[in-house]
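Dear colleague,

I am passing on the structure we spoke about, so that you can look through it yourself before reading my notes. Please open it alongside this message.

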Amino acid sequence: MEVIICADATEAARLAAGKVARVCRDAGPEPVLGVATGSSPLKLYAELTRLVEAGVLDLSRASAFALDEYVGLPPGHPESYAEVIRRTVTEPLGLDQSRVHTPDGFATDIHAAASAYEAAIRAAGGIDIQILGIGANGHIGFNEPTSSLASRTRIKSLAPRTRADNARFFGSPDEVPLHCLTQGLGTIMDAHALLLIAQGEAKAAAIAAVVEGPLTALVPGSVLQAHQHATVIIDEAAASEL
Ligand code: GLP
């Protein structure tokens, strides 16, 4: 695992965007991106947008797969991850919407939707680079502590801490869905490269556990230790417990 500590979040985003751009160029005209929601990658997306607008990165034929989706939010719900990804990734980067995928959390057969998502990733040839944030409890995607290290896309319950953390996006804490569909840790590990980005002191303990702790299902992000091409890009505050 390569760990890069940057002076601040802006430098971290610039470096991370450079890494994503290199992988995309190496992948050819149809790169496959794995994209994450949350505040952590927003500056990275802004940097990528700058590269696209400057004409040095062509994502016109790129595909993207989101990590996860809430279960039960109707299509078009502003906090569904399909909408969040549309607002923060698809539109700014000018991706072709028909090539951007999120798990179908509103499907009547949720298990079939999970299998279909795995099949879609396979059909695209796999993910060239998976962008990841980290939850304060060490989750990646919505793989909460105790998730199987070999898990595939599936329905999961959200941990109380995660529901509390995400309550700010909903009218009241009760409106945060109880379940999600998330790529599994095994699915995430299949990506050719992983890029975890984190900023701020609130993530310092999780980063220390991911980077220096044991590889354990209690800290799902620690699975990155077993990936051949995992990069962690953080600012000094997120690195403060290393
Ligand atoms: C959610 C997402 C994760 C994300 C996490 C951290 O739970 N499912 O993919 O990494 O939030 O969010 P933030 O970056 O806003 O701290």
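Below are my notes, which go from the whole chain to the central sheet, the ligand site and two single residues.

Please keep in mind throughout that this is a predicted model. The protein chain holds 7 helices and 10 strands. Its radius of gyration is 16 Å, close to the 18 Å that the globule rule gives for 242 residues, so the chain is as compact as a globular protein of that length. Along the principal axes, the C-alpha trace spans about 40 × 40 × 35 Å, and buried residues make up 45% of the 242 residues. Of the contacts in the chain with a separation of 6 or more, 80% are between residues 24 or more positions apart.

As for annotation, an unreviewed UniProt entry lists residues 9-231 as "domain: Glucosamine/galactosamine-6-phosphate isomerase". In the model, that span is 35% helix and 15% strand, and its end C-alpha atoms lie 16 Å apart.

The sheet is where I would start looking. It is an open sheet of 7 strands with parallel pairing, in the order S1-S10-S9-S6-S2-S3-S5. The edge strands, each pairing on one side only, are S1 (2-6) and S5 (100-101). Strand S1 runs parallel to S10 (residues 230-235), to which 5 bridges join it, and within this pairing cysteine 6 has aspartate 235 in S10 as its bridge partner.

Further into the order, strand S6 (residues 129-132) has Ile129 and Ile131 pointing one way and Gln130 and Leu132 pointing the other way, and all of these residues are buried. Strand S6 pairs in the parallel sense with S2 (residues 32-35) over 2 bridges, and it pairs in the parallel sense with S9 (residues 193-198) over 4 bridges. Isoleucine 129 takes part in both registers, since it is the residue in S6 that stands opposite leucine 33, while alanine 193 in S9 also stands opposite isoleucine 129.

Turning to the ligand, 13 residues surround it, and the closest are Ala36, Gly38, Ser39, Ser40 and Gly133. By class, this shell has 4 nonpolar, 8 polar and 1 charged residues.

Two single residues also deserve a look, and the first is aspartate 68, which is placed in strand S4 (residues 68-70). Aspartate 68 has 24 other C-beta atoms within 10 Å, and it is therefore buried. Leaving aside residues up to four places away in sequence, aspartate 68 touches Tyr81, Pro103, Gly141, Phe142, Cys180, Leu181, Thr182 and Gln183. Aspartate 68 and asparagine 143 are 75 residues apart in sequence, yet their C-alpha atoms are 9.3 Å apart in space.

The other residue is threonine 146, which lies in the loop between S6 and strand S7 (154-157). Although threonine 146 is not a glycine, it has a positive phi of about 85°. Is threonine 146 buried or exposed? Threonine 146 counts as exposed, because it has 10 C-beta neighbours inside 10 Å, whereas aspartate 68 is buried with 24.

With best wishes

Technical notes:
Residues numbered from 1 in each chain as written. Predicted model: local features only at pLDDT ≥ 70, side-chain atom pairs only at ≥ 80, totals over all residues. UniProt positions renumbered as here; feature names shortened; annotations may be inferred. Rg over C-alpha atoms; globule rule 2.2 N^0.38 Å. Buried ≥ 20, exposed ≤ 12 C-beta atoms within 10 Å, placed from the backbone. Contact = placed C-beta atoms within 7 Å. Near = placed C-beta within 6 Å. Nonpolar A, V, L, I, M, F, W, Y, C, P; charged D, E, K, R; others polar. Pairing = 2+ DSSP bridges.
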